[in-house]
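Trainee: I would like to learn how to read a two-chain model, feature by feature. Can we start from the structure itself?

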Amino acid sequence: MFKKILVATDASEYSRRALQNALDLARKFQSEIVLLFVTYNPEAYWGYNSAYTIEITREEIEERGQLTLEESIKGIDIGGVPFKKKMIQGHPSTVIVEEVINENIDLVVMGSHGYGPITGAVLGSVSQRVLRKATCPVLIVK
Amino acid sequence: MFKKILVATDASEYSQRALKTALEIAQKYGADVELLFVTYIREAYWGYNVTYGVLVPQEQIDESGERALDATLEGIEVGDVVLKRKKVQGYPATMILEEVEKEGVDLVVMGSRGYGPIAGSLLGSVSQHVLHRAECPVLIVK
């Protein structure tokens with residue numbers, strides 16, 4: 001049923017719990033995991049071409065992405081589960097929803113809260129949007 | 001990880017899909033499934049004592065609850081999963097959250113939409129409410 005699970009991470013404690021839950025499910029369902037970090041790029045939301053207004057260099061973005069992905073996995077045992085790390089630049093919820101289609105995802109697992117401007121809000125804004133727009137089931141981990 | 005899964009139903013097609021997903025997860029984890037239907041009582045929301053303002057006779061509540069549970073289960077293979085049917089009355093989101101706490105539920109599975117005043121909205125109001133407040137992971141099925 002769940003062949004491919006997408007975990008969207010921002011390296012927060014919630015994302016790490018989401019990853020742990022996803023790994024547990026993956027072991028039961030023999031699924032593959034895609035761990036995705038989206039580097040937030042405000043321009044992407046408005047459809048501007050980011051080439052016009054680059055403020056962060058590509059290297060910086062990649063470095064930050066790598067750090068976030070490493071931080072998300074630190075101390076978590078991924079043994080035995082096919083695992084792919086991915087880093088994309090753009091508007092987080094839009095990118096996540098696109099990835100669900102591109103990667104043929106059967107389940108999205110996300111934390112209920114995250115970093116970002118709404119930390120501590122009832123439900124992270126990214127999770128909210130993904131919940132509404134994703135075409136597959138979404139598991140929100142507390 | 002998942003020992004007790006709660007499926008909240010309003011007998012919609014979304015709820016049926018939620019139940020199917022819950023049963024598949026239950027099979028993998030050897031978990032029990034509780035199928036819950038809440039008869040909506042407006043007064044419950046405002047904290048009135050229901051006995052003062054009964055609008056619907058008990059028999060009718062029981063009957064409609066049974067019908068909703070039957071309709072949800074129709075055509076669904078339960079297999080060897082232990083399934084408990086339950087019907088309560090009150091404000092749906094509140095009753096679901098109470099049930100999570102009382103029964104020590106580890107996972108709630110719900111449909112993304114339902115019947116009720118918000119049918120067709122982006123995410124059912126009951127699901128929203130439960131998602132925000134539940135202490136356990138919540139899986140929203142599309």
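Mentor: We will go from one chain to the sheet, then to the helices, the core and the backbone. Keep in mind that this is a predicted model.

Trainee: Start with chain B. How many helices and strands does the secondary structure of chain B come to?

Mentor: Count elements, then read their order. Chain B has five helices and five strands. Along the sequence they follow the pattern β-α-β-α-α-β-α-β-α-β.

Trainee: What share of the 142 residues in chain B is buried?

Mentor: The buried share is 42%. Contact range is another thing to read. Take the contacts in chain B between residues at least 6 apart in sequence: 77% of them join residues at least 24 apart.

Trainee: Now the sheet. In what order do the ten strands lie?

Mentor: Read a sheet from edge to edge. Here the order is β3(A)-β2(A)-β1(A)-β4(A)-β5(A)-β5(B)-β4(B)-β1(B)-β2(B)-β3(B). The sheet is open and its pairing is mixed. Its edge strands are β3 (83-90) of chain A and β3 (83-90) of chain B, each pairing on one side only. From one strand to the next, the twist averages 25°.

Trainee: Which helices pack on the sheet, and which strands do they touch?

Mentor: Take one from each chain. Helix α3 (residues 58-73) of chain A touches β2 (32-40) and β3 of chain A. The direction of α3 makes about 135° with that of β2(A). Helix α4 (residues 92-103) of chain B packs on the sheet too, touching β1, β2, β3 and β4 (107-111) of chain B. The direction of this helix makes about 150° with that of β2(B).

Trainee: Mixed pairing needs examples. Do β1 and β2 of chain B run parallel or antiparallel?

Mentor: Parallel: six bridges join β1 (residues 4-9) to β2 (residues 32-40) in chain B. As one pairing, Leu6(B) has Glu34(B) as its bridge partner in β2(B).

Trainee: And where the chains meet, how do β5(A) and β5(B) run?

Mentor: They run antiparallel, joined by three bridges, with β5 of chain B spanning residues 138-141. Leu139(A) has Leu139(B) as its bridge partner.

Trainee: How many residues does each chain give to the contact?

Mentor: An interface can be sized in more than one way. The accessible area lost when the parts come together is often used. Here we count residues: 17 from chain A and 17 from chain B. On the chain A side, α1 (13-29), α5 (125-133) and β5 (138-141) each give two or more residues. By class, that side has eleven nonpolar, two polar and four charged residues.

Trainee: Next, helix pairs. At what angle do the axes of α4 and α5 of chain A cross?

Mentor: For a helix pair, read distance, angle, handedness and residues. In chain A, the axes of α4 (residues 92-102) and α5 come within 9 Å and cross at roughly 35°. The crossing is right-handed. Pro92(A), Ser93(A), Ile96(A) and Val97(A) of α4 meet Val126(A), Arg129(A), Val130(A) and Lys133(A) of α5. These divide into five nonpolar, one polar and two charged.

Trainee: Which residues meet in the α4(B) and α5(B) contact?

Mentor: Pro92(B), Ala93(B), Ile96(B) and Leu97(B) in α4(B) meet Val126(B), His129(B), Val130(B) and Arg133(B) in α5(B). By class, this contact has six nonpolar, one polar and one charged residues. The axes come within 9 Å and cross at roughly 35°, and the crossing is right-handed.

Trainee: Which residues touch the most other members of the largest nonpolar core?

Mentor: Of its 73 residues, they are Val7(A), Val108(A), Ile5(B), Val7(B) and Val108(B). Look at Val108(A). Beyond four places in sequence, its contacts include Leu6(A), Ile96(A), Val130(A) and Val138(A).

Trainee: Last, the backbone. Where is Ala11(A) found?

Mentor: First the general idea. Most residues other than glycine have a negative phi. Ala11(A) has a positive phi of about 70°. It sits in the loop between β1 (4-8) and α1 of chain A. Gln30(A) also has a positive phi, near 55°. Gln30(A) lies in the loop between α1 and β2 of chain A.

Trainee: Why does Ala11(A) count as partly exposed, and why does Gln30(A) count as exposed?

Mentor: Count C-beta neighbours inside 10 Å. Ala11(A) has 19, so it counts as partly exposed, since burial starts at 20. Gln30(A) has 12, so it counts as exposed.

Conventions:
Residues are numbered from 1 along each chain as its sequence is written. Chains are lettered from A and ligands numbered from 1 in the order in which they are written. This is a predicted model: local features need pLDDT of at least 70, side-chain atom pairs count only at pLDDT 80 or more; totals for chains, interfaces and linings use all residues. Two residues are in contact if their C-beta atoms, placed from the backbone, lie within 7 Å. Helices (H or I, at least four residues) and strands (E, at least two) are DSSP runs, numbered from the N terminus. Ala, Val, Leu, Ile, Met, Phe, Trp, Tyr, Cys and Pro count as nonpolar, Asp, Glu, Lys and Arg as charged, and the others, Gly among them, as polar. Two strands pair if DSSP finds at least two bridges between them. Axes are lines fitted to C-alpha atoms, for helices over the stretch in contact, and angles run from 0 to 180 degrees between N-to-C directions. A crossing is left-handed if the near helix is turned anticlockwise from the far one by less than a right angle, and right-handed if clockwise. A nonpolar core is a set of buried Ala, Val, Leu, Ile, Met, Phe, Trp, Tyr and Cys residues joined through C-beta atoms within 7 Å.
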